[in-house]
Amino acid sequence: MQIPYELVLGWRYTRAGRTTRRNGFISFISGVSMLGIALGVAALIIVLSVMNGFQKEVRDRMLGVISHIEVFAPNGAALPDVQKTLSEIKQHPQVLGAASFIAAQALLARGEDMKGTIVRGIDPALEGQVTDLAVDLKNTALPRLVPGQFGVVLGGELARSLGVREGDNVTLIAPSGQVTPAGVVPRLKQMTVVGSFDSGHFEYDSALVLLHQDDAARIFRLEGPTGIRIKLKDLHQAREVAFDLSRSLSGDLLIRDWTRQNKTWFAAVQLEKRMMFIILTLIVAVAAFNLVSTLVMTVTDKRADIAILRTLGASPKSIMGIFMVQGAMVGVIGTLSGLLLGLGIALNIDVLVPALEQLLNANFLPKDIYLISRMPSDPQYADIMPIAVIALVLAFLATIYPSWRASQVNPAEALRYE
């Protein structure tokens, strides 16, 4: 198969030798453009992979405490028929487990210290079906939640802020009061701390209180569970499953999936990713448009060659194709090099960062501040493909004007002083 001469000449110009000072400088500028594209693409891949890793790490820690979907009655009331709702939920093929619960808010007091808390009444026997936290506590704290004994399991940060440990007593203050001859007074209940947990998510470690479902019903004067928590086979199908359940469940029920429970946080992360993508794409754009100066100098240097080709019968379209091939080669090589470099670093960042910390005697992620002791990374195909395509498109666009200028060279003018 005969290769078009436009490709052959374009590739030859791309790897132009350094036989003269002028050709050497052009080759240097071409290499800088290629390196700039490679570094820009690599930076985009690394930064977005680390951001994906942080998002996944926080999401996994969050889902260790909360469930994929929650079904609950309006206004914090008890569910009218818990068993019927449970059976209807378990009929969905995506449902892996379901457990009833009671959700409420209260104050927790220890001496003069008082904290606002999220109270969750659970069934210790079923909670392991819906959260990873319960799986971790099933052999330690959860068996101590015995109905009638009013034991509580506190988040680690909450326990530390109140200065309590296992065996200490705390006072739970329910928001709705009870009527006495002296007026309306809040309901108080002495509780015993039977354990604590550290999920790695500060919001829950500093506010969540677990107690037995029956004890919670007695304290908050409820007839039964206020909701059902659901775990799915695929957490990414939460919205679709929630929509299906909203149509299939009987009764007036509210349904909320995990993406809506922390909607503001996830929206902020997506906005940050989008802005970082735009900012770092500008780096790739600057490097790609360096090709304009490279090709302009190449066209000036090759005016005599262009004139000879024109006299031999080459069309302006062919001349334009030669220089577009040259620019496209720089873009392709730079993009592929950036992909290899970026993926190499992103996939091995768990090895490279500790080595860099040891070399610099520094700690980039103190665990007591970030609650994450390692740098996470999660390269995703959905991020990498747009990066590569944008880099190639920018490089191609940068070649159009210089290539058109080359096609407009007048052979007679170019050869006048040769």
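This report covers the overall make-up of one predicted model and then its salt bridges.

## The chain as a whole

The chain has 418 residues, and 46% of them count as buried. It holds 16 helices and 9 strands.

Contacts reach far along the sequence. Take those between residues at least 6 apart: 80% of them join residues at least 24 apart. The accessible surface of the chain is about 21,900 Å². Carbon and sulfur atoms account for 58% of that area.

## Salt bridges

Side chains of opposite charge can pair when their charged atoms come close. Across the whole structure, a search turns up 13 salt bridges. Three pairs are described below, followed by a network.

## A buried pair: Glu127 and Arg229

Glu127 and Arg229 form a salt bridge. Their closest N and O atoms are 2.3 Å apart. Glu127 sits in the loop between β3 (113–122) and α4 (132–137), while Arg229 belongs to strand β8 (residues 227–232), so the bridge ties together parts that are 102 residues apart in sequence.

Are these two residues buried or exposed? Glu127 has 3% relative accessibility and counts as buried, because the cut-off for buried is under 20%. Arg229 also counts as buried, at 0% relative accessibility.

## A pair within one helix: Arg247 and Asp244

Arg247 pairs with Asp244 in another salt bridge. Here the closest N and O atoms are 3.4 Å apart. Both residues lie in helix α8 (residues 238–248). They are 3 residues apart, about one turn of the helix.

Arg247 counts as exposed, with 60% relative accessibility. Asp244 has 27% and counts as partly exposed, because that value falls between the cut-offs of 20% and 50%.

## Arg260, Asp257 and a network

Which residue forms a salt bridge with Arg260? The partner is Asp257, and the closest N and O atoms are 3.3 Å apart. Arg260 is partly exposed, with a relative accessible area of 44%. Asp257 is buried, with a relative accessible area of 2%.

Elsewhere, salt bridges link up by sharing partners. Lys56, Arg59 and Asp60 are joined into one network in this way.

Terms used: Residues are numbered from 1 along each chain as its sequence is written. This is a predicted model: local features need pLDDT of at least 70, side-chain atom pairs count only at pLDDT 80 or more; totals for chains, interfaces and linings use all residues. Side-chain values use heavy atoms; hydrogens and water are left out. Helices (H or I, at least four residues) and strands (E, at least two) are DSSP runs, numbered from the N terminus. Buried means under 20% relative accessible area, exposed over 50%, partly exposed in between (1.4 Å probe, protein chains only). Contact means heavy atoms within 4.5 Å. Accessible areas come from the Shrake-Rupley method with a 1.4 Å probe; for residues, only the protein chains shown count as cover. A salt bridge is a side-chain nitrogen of Lys or Arg within 4 Å of a carboxyl oxygen of Asp or Glu.
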